[in-house]
Amino acid sequence: MIGARYWVRWLVEQGAPRYGIRMQTLRDDPLADLMGSVAGLRDPFPPIERLRERGRLVPSPIAWGTADYEVSRGILRDGDWGVYGITGFERTGVVRRIADRAPIPPNPVEKPSMLISDPPEHTRLRKSVSKAFTPRAIGRLRDRVESVTTELLDALPSDGSADLIHDFAAHVPIAIISEMLGFPDESRDTFLAWGDVVSPMLDIGISWRQWRNAVVSMRGMDGYLDEHIARLRDEPREDILSALVSAGDLTDGELKSAATLLMGAGFETAVNLIGNGVVHLLSNPDQLAILRDEPELWPNAVEEMLRFEAPIQAAARLALRDTEIAGVPLKKGSLVVMSLGGANRDPAVFENPNAFDVTRSNAKDHLSFSSGVHACLGASLARMEGIHALRALFERFPDLTLTAEPSRRPLFTLRGYSSMPAHLGQRARIAS
């Protein structure tokens, strides 16, 4: 049951920030517009440019804001800064008591998640999971990515219609993450449904309804993971979660937190990359023509997609001690919200940054996978999924077109689509 205690927790962690952000949108605050206005959630780049015009580091009642590449990269790599999550900060006094009276299951935005842990705790947790993402481990997954993509494309109707998110983009990463965690194939649709509901928890200022539904879904995931971990203890398999269970280095809460983080972060990055990539290639047919003539450019094209529209648009860091950034002295406890999407379009680093260019020589310098100790563990896997899924889609259906405006997800942190109606066109013959 989600009762009054949970409403109070939502009010403290999400409701108050939601109200504060909305009030600031009325005061010409570009950071607030970026985080919470209807126009900013639809198109973040106008408020990003307004933020950039005001300076490298801009004060706001919400937090300090920046769209500057060097400032963002420096903070992400600097040990003077710690991670910040609306549900993950060190709670004190009444806030701690409110959270303790309304507990939620292990998830990516609640400790002990790596996402909101700093060294040395983060180092311990990351070390346990990192073996799943070594170059050798990613290489072993390549054949599976290719086979899953082929299966999904084979199931799409020639000269028919499809929703490219629900019927394709979402299923590529969920199949791979499920395999890594030892989940049976028949669980994929359940995880997709849970993921759609839980992913807003990675945002700030979400509604009571979104938060409540996410907590209910997290309880379902938690019960599933309890049973799954118990099975793996009795019958371990050849997957990363079995290895973590057998090693015995993590508590059950840490195991479930790691699993939900892999499910959430691994899924969101890849599905948003694939969906955004489809739109940018169809909107820039000259760039798609380049890839058809020079398919060896696909890896660089995916880097440009990541730069041009980051799947994860923002990160926040908390000053752990008095420090100085871009000539601005900051006190311990100062919060900086970094627009990664803005940093990726910094004209000081990227020439003609608002142009989508699959031949861009420094596209890979983007910050879409963060940087420093919290650099995305699954970056190589997401790149591989994006390269193969997008190339295979456009080779199999060369006349692919969108039949309606794709639906954006109304979130600040996660930049992607919830649906993408398309006409596939005739299926191309693939040489055997």
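Two strands are said to pair if DSSP finds at least two bridges between them. In this predicted model, strand S2 and strand S4 (residues 314–319) meet that condition, being joined by 3 bridges and running antiparallel.

## Confidence of the model

The chain has a mean pLDDT of 91, and 97% of its residues reach 70 or more. Residues 87–91 are a stretch where pLDDT stays under 50, and for them the model has 16 contacts beyond four places in sequence. Where pLDDT is low, the predicted coordinates should not be read in detail.

## The sheet of four strands

The pair formed by S2 and S4 belongs to an open sheet of 4 strands, whose order is S1-S7-S4-S2 and whose pairing is mixed. Strand S1 (64–66) and strand S2 (81–83) each have a single partner strand and stand at the edges, so one side of each is left without a neighbour in the sheet. From one strand to the next, the twist averages 35°. Within the pairing of S2 and S4, Gly82 stands opposite Leu318 in S4.

A helix accompanies this sheet. Helix H5 (residues 69–77) lies across S1, S2, S4 and strand S7 (335–339), and its direction makes an angle of about 125° to S7.

## The sheet of three strands

Another open sheet has 3 strands in the order S3-S11-S8, with antiparallel pairing. Strand S3 (161–163) and strand S8 (401–402) are its edge strands, each pairing on one side only. S3 and strand S11 (residues 421–423) run antiparallel and are joined by 3 bridges. Here Ala162 stands opposite Ala422 in S11.

The loop between helix H8 (135–155) and S3 contains Asp159. The phi of Asp159 is near 60°, which is a positive value in a residue other than glycine. Most residues other than glycine have a negative phi, and most peptide bonds are trans.

## Cis peptide bonds

Two peptide bonds depart from the trans form. The bond from Lys111 to Pro112 is cis, with omega near 20°, and the bond from Pro119 to Pro120 is also cis, with omega near 5°. Pro112 is found in the loop between helix H6 (93–101) and H7, and Pro120 likewise lies in the loop between H6 and H7.

## Cavities and a pocket

The structure holds 3 cavities of 30 Å³ or more. The following table gives the volumes of three spaces.

| Space | Volume |
|---|---|
| Second largest pocket | About 390 Å³ |
| Largest cavity | About 200 Å³ |
| Second largest cavity | About 60 Å³ |

The largest cavity is lined by 19 residues, of which Gly195, Val198, Thr260, Met263 and Gly264 are the closest to its centre. H11, H12 and H14 are the elements that give two or more residues to this lining. H14 provides the largest share of the lining of the largest cavity, 5 residues. By class, the lining of the largest cavity divides into 13 nonpolar, 5 polar and 1 charged residues.

The second largest cavity has a lining made of Pro112, Ser113, Met114, Leu125, Val129, Leu250, Glu254, Ser257, Ala258 and Leu261. Helix H7 (121–130) and H14 are the elements that give two or more residues to the lining of the second largest cavity. H14 again gives the largest share, which for the second largest cavity is 4 residues. This lining divides into 7 nonpolar, 2 polar and 1 charged residues. Pro112, the residue that follows Lys111 across a cis peptide bond, is thus among the residues lining the second largest cavity.

The second largest pocket is lined by 20 residues, and those that lie nearest its centre are Asp196, Val197, Ser199, Arg409 and Ser418. Two or more residues of this lining come from each of helix H9 (165–169), helix H11 (188–198), helix H12 (208–234), helix H14 (252–283) and strand S10 (417–419). The lining of the second largest pocket has 10 nonpolar, 7 polar and 3 charged residues.

Helix H14 therefore recurs in these descriptions, as a contributor of two or more residues to the lining of the second largest pocket, of the largest cavity and of the second largest cavity.

Technical notes
Residues are numbered from 1 along each chain as its sequence is written. This is a predicted model: local features need pLDDT of at least 70, side-chain atom pairs count only at pLDDT 80 or more; totals for chains, interfaces and linings use all residues. Side-chain values use heavy atoms; hydrogens and water are left out. On a 1 Å grid over the protein atoms alone, a cavity is a set of points where a 1.4 Å probe fits but cannot get out, and a pocket is an open set with protein on both sides within 12 Å along at least five of seven lines; lining residues have an atom within 4 Å of a point. Grid points are joined across faces, edges and corners, and a volume is the space filled by probe spheres set on the points. Ala, Val, Leu, Ile, Met, Phe, Trp, Tyr, Cys and Pro count as nonpolar, Asp, Glu, Lys and Arg as charged, and the others, Gly among them, as polar. Axes are lines fitted to C-alpha atoms, for helices over the stretch in contact, and angles run from 0 to 180 degrees between N-to-C directions. Contact means heavy atoms within 4.5 Å. pLDDT is the predictor's confidence in each residue, from 0 to 100.
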